[in-house]
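Trainee: I am new to this structure and should like a close look at a single part of it. Could you please guide me through one interface between domains?

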Amino acid sequence: MKYWSQTYIPTLKESPADAEIASHKLLLRAGLVRKLGGGLYTFMPAGLRVMQKISQLCREEMDREGAIELAMPFIHPVDNWVDGPRWSAAREIMYRVDHAGAGKGRSKEPEFVLGPTHEEVITPLVKSEITSYRDLPKNFYQIGTKFRNEIRPRYGLMRAREFVMKDAYSFDATDEAASASYHKMKRAYLAFFTRCGLKTIAVEADTGVMGGSFSHEFMVPAPVGDDDIVYCDESGYSANREKATSGLVPADLADAAPVGATEEFATPGIVTIAALAAAGVPADQQFKTLVYMGDGKPFLVILRGCDDLEEAKLGALGFQLWRPATPEEIEPVMGAKPGSLGAVKGTIKNPEALAGIFADQAIRLIGNGTTGANKDGFHLRHVNVTRDLAITKFGDFRTVRAGEPDPKSGQPLKIARAIEVGHIFKLGTKYSEKFGAVYTDDQKQSHPMVMGCYGIGISRTLQAVIEQSNDADGIVWPWQVAPWQVLVVNLDPQDAAASDLCKKLALAAEAAGADVLVDDRAERPGVKFKDADLIGLPLRLTVGGKGLKEGIFEMKWRTSKDVRKIPIADAETTIAQAVREAASKA
């Protein structure tokens, strides 16, 4: 039992001006956090309690699936990252750790960095500790602070520079065993988020700079989410926007035959898809040619004019880094400026400079269309996909749209905004090969360990719960993660009888297994009720006023408008039953 006067819950009547979304406003108004700087927050006593409860639920589900907790340093020698497979890609999001005298006689690289994640630390550790197949599988996890250089921190804990994360790393002898470890973690994640009271969707996701063969994100549907999920209720298909595919291009689609010879025509001043459409060529009959730089070499991506490139899908091409080419990089290769570009054979000025020409499958729906002539102010019509375009490889590079057919059932796909709260990866041997993390099998043969990694944003989960569980009056905490589960409101704190009854009710709730907060402040009833709704504890018991004289107290669930009047004589039985029922449903 905790008395309000013995802790610190600094509630606010108004939302701070820089709080943009409901959950961010409620984090601050309910006294859970306070802002230190951009993306940096202090967890106040009630917020810390929620973090501890979420962390404990996470531990329980990780332990249930056989994971082993440890704790690794958050300051990393930069050499660990330089020696790893993703330093060039990850360094931009990392904070460097300098000290007096750093850099003297050394390279420009820092000596240490703050860890955004720990693959580069756990893999060398396991390399030095585990050498035999008899010691596998292993899955190590930790819960701790991480650091990422968010250029634009926003939405409170959703996009912070310092945050709390659970990260885990599995090591297996075979790919099959690694898949089993992966699915154990997927099961643990679904159980964890359910216990937190969150409605989540596990979606197929892009592996990004982490690498690996496949991954899943755990998404909380919310209008303010920073990601799109693509899904179909009928088939159960779900993926994030970066990974989503559709059945837009039938598997049995036959390539169109040419309709005639290519024909060049003048298009002075027309340098956009929209302008060419206005001149009479529909966007879905145009070939859009984009020039990108991949690991320092230019390559082309061809899409329909009506489609958008999903940049993350370019990761399937094998480049470590990619970006749009500049006009200065484009013209020497293509022979024209952007707006008149194409990939028709024989029109590219310097084709040998290209790392490849990659086309989205959907251009096959055009068959014969229009593209740039690689001459400023000119385009080509009657361009046939098979005959005229020098395509290195077809792939899926476009952004899926709502209403396109689901790849499984053919039913229309839906798109919704969502918050990412967890991400799991099957890494394969990308890190173990780089760091030499190998084991010896029963035939004395050496093999790289097969890895997986698994992250949960603990602090982000806290805010996601609030974003999904709130109303006009404040937070509506799920039972398992509420800072306290029962709030006993004393309307007459100067009355000894009222205080004694509050203590009796609190002890009854505690005996049934609940965490209890007693509001013993010398405040008006209206203030106490407003704060009770704002901080959102699941069950409220009110003592005082006329009820005390009548031998009753009031019981109200945060999710209901109904107020029950309970005889004091039935207090212990009624409270115990309510607490146990709530716990059993959580």
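Mentor: What follows is an account of the interface between domain 1 and domain 3.

The model is a predicted one. The domain assignment of the protein chain places domain 1 at 18-73 + 113-237 + 415-466, domain 2 at 263-395 and domain 3 at 484-585. Taken over C-alpha atoms, the centres of domain 1 and domain 3 lie 37 Å apart. Where these two domains meet, 6 residues of domain 1 are in contact with 5 residues of domain 3.

The size of an interface is often expressed as the accessible area that is lost when the parts come together. Between domain 1 and domain 3, about 510 Å² is buried, and carbon and sulfur atoms give 58% of this area. On the side of domain 1, the residues that lose the most area to domain 3 are Ala30, Arg49 and Lys53, which together account for 68% of what that side buries.

Lys53 also takes part in a salt bridge: its partner is Asp515, with the closest N and O atoms 2.6 Å apart. Across the interface of domain 1 and domain 3, 2 salt bridges are found. The count of residue pairs in polar contact between the two domains, with both residues at pLDDT 80 or more, is 1.

As to the elements involved, α1 (22-29) and α2 (45-64) each give two or more residues to the side of domain 1 that touches domain 3. The element that gives the most to this side is α2, with 3 residues. By character, the residues of this side of domain 1 comprise 3 nonpolar and 3 charged, with no polar ones.

How values were computed
Residues numbered from 1 in each chain as written. Predicted model: local features only at pLDDT ≥ 70, side-chain atom pairs only at ≥ 80, totals over all residues. Heavy atoms only, no water. Domains from an automatic or database assignment. Contact = heavy atoms within 4.5 Å. Buried area = accessible area lost by both parts, 1.4 Å probe. Salt bridge = Lys/Arg side-chain N within 4 Å of Asp/Glu carboxyl O. Polar contact = N/O pair within 3.5 Å; in protein donor to acceptor, adjacent residues only side chain to side chain. Helix = DSSP H or I, 4+ residues; strand = E, 2+ residues; numbered from the N terminus. Nonpolar A, V, L, I, M, F, W, Y, C, P; charged D, E, K, R; others polar.
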